[in-house]
Amino acid sequence: MLGQAPAPDSTRVNRLEEITVVARTAVADAGKTVYMPTMRQKEAAADGVALLALMNIPQLDVNPMSATVKTASGQPASIFINFHPASPQDLAGLNPADVRKVEYLDFPSDPRFLGAKHAVNFFTRQYMYGGYTKLSAKERFLISSGEAALYSKFAHRSMEYDVMLSGDYDYNRHIGTSGT
């Protein structure tokens, strides 16, 4: 190999004017990021907070134990379902199988977000007729407390009906207190 000239560099340099990156589960835009949950995430989640936790959205800090959703910087995030403000009961009753996509927005200008600084919007399947009923229960054995909830969502034409019944109890046999 002595005396041979080095092989010419075969690397070609092209200048790209614009790059668009498209992923199967996330699409980023200037004003929002859209995430599509996978079937595995939907099947493993029990409610809206659990789905957000399983989706591992980098802008969010989700605590499934306290059912709180904050931004990565610790600011509260407002939760919406189909552009309607969602209560903690709405999130607990949300059927993850119905979620088509989740949007995360910083300082949205859309008036439907009611001036929220940070918003998470679930887009769900719209029912024309029918719905679902969901029963959930949690029991804590060491501290003798628990909770149960029944959530039903029914649709008839353009009207949707949500009903939730819930209860909890606490019993501390060491100090003799109980609560319902």
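**Exercise 1.** Into which classes do the residues lining the second largest pocket of this predicted model divide, and how many fall into each?

*Solution.* Begin with the classes: the lining of the second largest pocket divides into six nonpolar, four polar and four charged residues. Next, consider the lining as a whole, which is made up of 14 residues, and note that Ile81, His84, Lys153, Glu160 and Asp162 are the ones nearest the centre of this pocket. Then turn to the secondary structure, where strand 6 (84-85), strand 10 and strand 11 each contribute at least two lining residues. Finally, add the volume of the second largest pocket, which is about 260 Å³.

**Exercise 2.** Describe the largest pocket by its volume, its lining and the elements that supply the lining.

*Solution.* The first step is the volume, since the largest pocket holds about 750 Å³ of space. Its lining consists of 26 residues, and those closest to the centre are Asp47, Ala67, Ala92, Lys138 and Glu147. The next step is to sort the lining of the largest pocket by class, which gives 14 nonpolar, six polar and six charged residues. As for the elements, helix 2 (48-55), helix 3 (88-93), strand 9 (129-140), strand 10 (145-156) and strand 11 (159-172) each provide at least two residues of this lining.

**Exercise 3.** Which residues line the largest cavity?

*Solution.* Start from the count, which comes to one cavity of 30 Å³ or more. The largest cavity, with a volume of about 30 Å³, is lined by Leu94, Asp98, Thr124, Arg125, Tyr127, Tyr132 and Lys153. Sorted by class, this lining contains three nonpolar residues, one polar residue and three charged residues.

Conventions: Residues numbered from 1 in each chain as written. Predicted model: local features only at pLDDT ≥ 70, side-chain atom pairs only at ≥ 80, totals over all residues. Heavy atoms only, no water. 1 Å grid on protein atoms, 1.4 Å probe; cavity = no way out; pocket = protein on both sides within 12 Å on 5 of 7 lines; lining within 4 Å. Points joined across faces, edges and corners; volume = space filled by probe spheres on them. Helix = DSSP H or I, 4+ residues; strand = E, 2+ residues; numbered from the N terminus. Nonpolar A, V, L, I, M, F, W, Y, C, P; charged D, E, K, R; others polar.
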